[in-house]
Amino acid sequence: MFQKDQKISEGKTKIIWGVKDNPDLVIIENKNDITAFDDPAFTKQFKSKAENATIVTSNVFKLLKNAGIPVAFQEQISSNEFISPKCEMMPLEVVARRYAVGSFLKRHPELISKENEMPHRFHKLVTEFFLKTTKGELINTNGKKILEGLDPLKGEEDPFILNPLDNEWKLFHSKKPIWEEQANFNKTILMNEILGDDGLEKINEMEEILRKAFLTLEGAWNTLGFRIIDMKIEFGISQNGELMIADVIDNDSWRLKDVDWEELSKEAFRQGEELNEVEKKYEFVASLTKKFRIPKQAVVFWRGSDSDPLPDMEILEKTNGVDIEIIT
């Protein structure tokens, strides 16, 4: 039985609580709020939001965990709460894109599709990093203010990092083409002031984990007949130093469409659908995630005769969860 301790933090859609007598864990409590456009005026509520967010996050994290991907999830403990390893969060939003939509399209208008055409599809996933700020400011873990002056009212709050693999990050508007003068904030911050001396290693590891997570979820949704368009996630460092996907992955975290390209995710709310219709979609998506499974897989080796060499079994034994069959 887990008991809440002191409140650690509260955001727009969730509350983080400490766990009594266990400083290595936290309780993540989802709220019924749904937000849009980083504008409090657009925030609404519906009664099943928190429950559906918890179901989706729990099922997604279970799937990723079974696929060998590090996630900050232990177990769901109530209709709107789950237990997570306590993490030091990275002030980043990391995005994977299969199609050119949303803010990417605003930064790349050359990829805008003609009327009634499908969005441009990337054969290789596009990954992007955005800096998370609070009202346009960022203070690192040492208490040093390393960024200020971005205006949330102008959409500048969470800037696009143009060059995440360099130590000196250049910050641009997340919704304007980089060639526009107003897109360049003419501000830079140092990667190692945020991520430490092994910042580049962390960036590469985050990108690798992001790709694995997206491809796993893409496969799961494709199996059910749906398309995941893009997805944003956050990362944290656990108390034992492991980098893992943290926070939540729910129906606010991705764009999800059915075979007829009807929107099933938070994008429907952004586009102005009635709240009762949005709630039905969240309930539907939550029900679908209960069907997520890792498919049973096998590697089959065919031999023409008993004299043909056998495969290297030592290597094959490392294929965790995959059956090995040798047929002569």
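## A walk through the predicted model

At 68% relative accessibility, Trp302 counts as exposed. This is a predicted model, and Trp302 is a friendly place to begin looking around it. Trp302 sits in strand β19, which covers residues 297-302. Along the chain, Trp302 and Ile327 are 25 residues apart, yet 4.9 Å separates their C-alpha atoms.

### Thr54 and Glu81

Now turn to helix α1, which runs over residues 49-66 and contains Thr54. The helix is mostly covered, with 14 of its 18 residues buried. Its length is as one would expect: 18 residues at 1.5 Å a residue should span 26 Å, and the end C-alpha atoms are indeed 26 Å apart. After α1 comes Gly68, which has a positive phi near 85°.

Is Thr54 buried or exposed? Its relative accessibility is 0%, so Thr54 counts as buried. Its side chain makes a polar contact of 2.9 Å with the side chain of Asn30. Leaving aside residues up to four places away in sequence, Thr54 touches Asn30, Gln76, Ser78, Ser79, Asn80, Glu81 and Phe82.

One of those neighbours, Glu81, deserves its own look. Glu81 belongs to strand β7, residues 81-85. With a relative accessible area of 11%, Glu81 is buried because the cut-off for that class is under 20%. Which side chains make polar contacts with that of Glu81? Lys4 does so at 2.8 Å, and Ser78 is joined to Glu81 by a polar contact of 2.8 Å. Beyond the residues up to four places away in sequence, Glu81 touches Lys4, Ile27, Ile28, Glu29, Thr54 and Gln76.

### Salt bridges

How many salt bridges does the structure hold? The count is 26. Three of them are set out here.

| Acidic residue | Basic residue | N to O distance |
|---|---|---|
| Glu10 | Lys31 | 2.9 Å |
| Glu193 | Lys144 | 2.6 Å |
| Glu207 | Arg211 | 3.3 Å |

Take the salt bridge between Glu10 and Lys31. Glu10 is in strand β1 (residues 4-10) and Lys31 is in the loop between β3 (22-30) and β4 (33-34), so this pair ties together parts that are 21 residues apart in sequence. Glu10 is partly exposed at 44% relative accessibility, whereas Lys31, at 17%, counts as buried.

Next comes the salt bridge of Glu193 with Lys144. Glu193 lies in helix α3 (residues 191-195) and Lys144 in the loop between β11 (138-139) and β12 (145-147), so the pair ties together parts that are 49 residues apart in sequence. Glu193 is partly exposed, with a relative accessible area of 24%; Lys144 also counts as partly exposed, at 44% relative accessibility.

The salt bridge between Glu207 and Arg211 has another setting. Both residues lie in helix α4, four residues apart, which is about one turn of the helix. An α-helix has 3.6 residues a turn, so residues three or four places apart point the same way. Arg211 is partly exposed, with a relative accessible area of 21%.

Helix α4 itself (residues 199-224) has 26 residues and reaches 37 Å from its first C-alpha to its last, close to the 38 Å expected at 1.5 Å a residue. Gly225 follows α4 and has a positive phi near 95°.

Salt bridges also form a network, which links Arg97, Arg107, Glu128, Asp230, Arg255, Glu267 and Arg270.

### Positive phi outside glycine

Two other residues are worth a glance for their backbone angles. Asn186 has a positive phi near 55° although it is not a glycine. Asn186 is found in strand β15 (residues 184-190), and its 67% relative accessibility makes it count as exposed. Trp261, also not a glycine, has a positive phi of about 65°. Trp261 is in the loop between β18 (254-257) and α5 (267-270), and at 22% relative accessibility Trp261 counts as partly exposed.

### A nonpolar patch

Which residues make the nonpolar surface patch of about 310 Å²? Leu162, Ile178 and Trp179 make it together. Leu162 is in the loop between β13 (160-161) and β14 (168-172). With a relative accessible area of 35%, Leu162 is partly exposed.

Note on methods
Residues are numbered from 1 along each chain as its sequence is written. This is a predicted model: local features need pLDDT of at least 70, side-chain atom pairs count only at pLDDT 80 or more; totals for chains, interfaces and linings use all residues. Side-chain values use heavy atoms; hydrogens and water are left out. Helices (H or I, at least four residues) and strands (E, at least two) are DSSP runs, numbered from the N terminus. Buried means under 20% relative accessible area, exposed over 50%, partly exposed in between (1.4 Å probe, protein chains only). A polar contact is a pair of N or O atoms within 3.5 Å; within protein, one must be able to donate a hydrogen and the other to accept it, and residues adjacent in sequence count only if both atoms are side-chain atoms. Contact means heavy atoms within 4.5 Å. The expected span of a helix is 1.5 Å times one less than its number of residues. Patches are made of residues with over 30% relative accessible area and no salt bridge: like charges are joined within 9 Å, nonpolar side chains (Val, Leu, Ile, Met, Phe, Trp, Tyr) within 5 Å. Accessible areas come from the Shrake-Rupley method with a 1.4 Å probe; for residues, only the protein chains shown count as cover. A salt bridge is a side-chain nitrogen of Lys or Arg within 4 Å of a carboxyl oxygen of Asp or Glu.
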